[in-house]
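Work through these short exercises with the model in view. Try each task before you read its solution.

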Amino acid sequence: MAEEQQQHGVYGVPPPDLAEVPRGAVQFSPLVPGASRLEDATGSLASLVMLAPPGTAERGHALALGLKALTEGGELTVMAPIRKGGSRLAAELEAFGLEAEAVPRRHHRIATVRKDRPLTGIEAAIEAGKPRIIPELGLWSQPGIFAFDRVDPATRQLIDTLPVVSGRGADFGCGIGVLARAVLTSPLVTSLLLVDIDRRAVECAEHNVVDPRAAFLWADVRTARDLPEGLDFIVMNPPFHDGGVEDRQLGQTFIRRAAQSLRRGGRLYLTANLHLPYEGVLTEAFAQVRPLGDGGSEGYKLVEAIR
């Protein structure tokens, strides 16, 4: 009988000069649309290569799920930038009952451990990083999601200034659905598509936005092929960090994709940090661009752009 093929996994996009990812490895990052769920992989992986997330609770949750997903004797190779959790990797792995040494390489720390002994603290770490209702918000969220336990100030300003919208719309980069909930208070909205690159955010939004007019899409706005066209409006607080590094082109791409999805005369309602250079792409992609309300305050801008 042929030997059963071993399954390998990868979490995120580890730098190729730091670790080799086995061919055919299954992707498990919630930030890669279409990836498998690490929560569902218990005891199935011979190895896992992980670029650990930066947040403490999020990283502990991912490490615990990764270790739980390994077969007995399976190997975890994990790395993180030194200033984004790498300096704590060894201690965090030792807290699970493993012997670990995190070696420095190219501004990262890398550790390789084998699941060859009973583990401790796994369930506690999973519990600490799992989805939950945030009491201050009354909404579902999870560590690792943008602004997971608060309403981002830029989003709050847009909510407070947004006019009554109508027709078919979308929320690009919807997060847990805070902005979408405000949009759907208008009875004139006929449909609203919530789109986010983070599976965890989309799943929380599905709990938070209970409205038959709402639909949800786990996708990268920059590359998604199934974004709608002919929309009447789009709202967004576009991200401007990718992998923890400021990327101004990220928001600019969101604006271009919004223009492609709107009908002629359709409107984009945008909030962003004041320093982000979006004016050029807005004037290129839209017929009219003007401040929304008083234009924003306290380091943020509010923009209405008409296709």
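**Exercise 1: A loop residue**

Place Arg106, give its phi, and decide whether Arg106 is buried or exposed.

Solution. Arg106 sits in the loop between β5 and β6. The model is a predicted one. Next, read the backbone: phi of Arg106 is near 50°, a positive value in a residue other than glycine. Most residues other than glycine have a negative phi. Last, check accessibility. The relative accessible area of Arg106 is 58%. Exposed means over 50%, so Arg106 is exposed.

**Exercise 2: Another loop residue**

Do the same steps for Ala147: where is Ala147 found, what is its phi, and is Ala147 buried or exposed?

Solution. Ala147 is found in the loop between β8 (139-141) and α4 (153-161). Its phi is near 50°, a positive value, and Ala147 is not glycine. Relative accessibility is 13% for Ala147. The cut-off for buried is under 20%, so Ala147 counts as buried.

**Exercise 3: The sheet**

Give the strand order of the open sheet of six strands, and name its edge strands.

Solution. The order runs β2-β1-β3-β4-β6-β5, with mixed pairing. The edge strands are β2 (26-27) and β5 (103-105), and each pairs on one side only. Now take one pair inside the order. Strand β1 (residues 8-11) pairs with strand β3 (residues 45-51) in the parallel sense, over four bridges. Within this pair, Gly9 stands opposite Leu48 in β3.

**Exercise 4: A helix on the sheet**

Which strands does helix α1 lie across, and at what angle does it run to β4?

Solution. Find helix α1 at residues 56-69. It lies across β1, β3, β4 (70-81) and β6 (108-114). Its angle to β4 is about 155°.

Key. Residues are numbered from 1 along each chain as its sequence is written. This is a predicted model: local features need pLDDT of at least 70, side-chain atom pairs count only at pLDDT 80 or more; totals for chains, interfaces and linings use all residues. Side-chain values use heavy atoms; hydrogens and water are left out. Two strands pair if DSSP finds at least two bridges between them. Helices (H or I, at least four residues) and strands (E, at least two) are DSSP runs, numbered from the N terminus. Contact means heavy atoms within 4.5 Å. Axes are lines fitted to C-alpha atoms, for helices over the stretch in contact, and angles run from 0 to 180 degrees between N-to-C directions. Buried means under 20% relative accessible area, exposed over 50%, partly exposed in between (1.4 Å probe, protein chains only).
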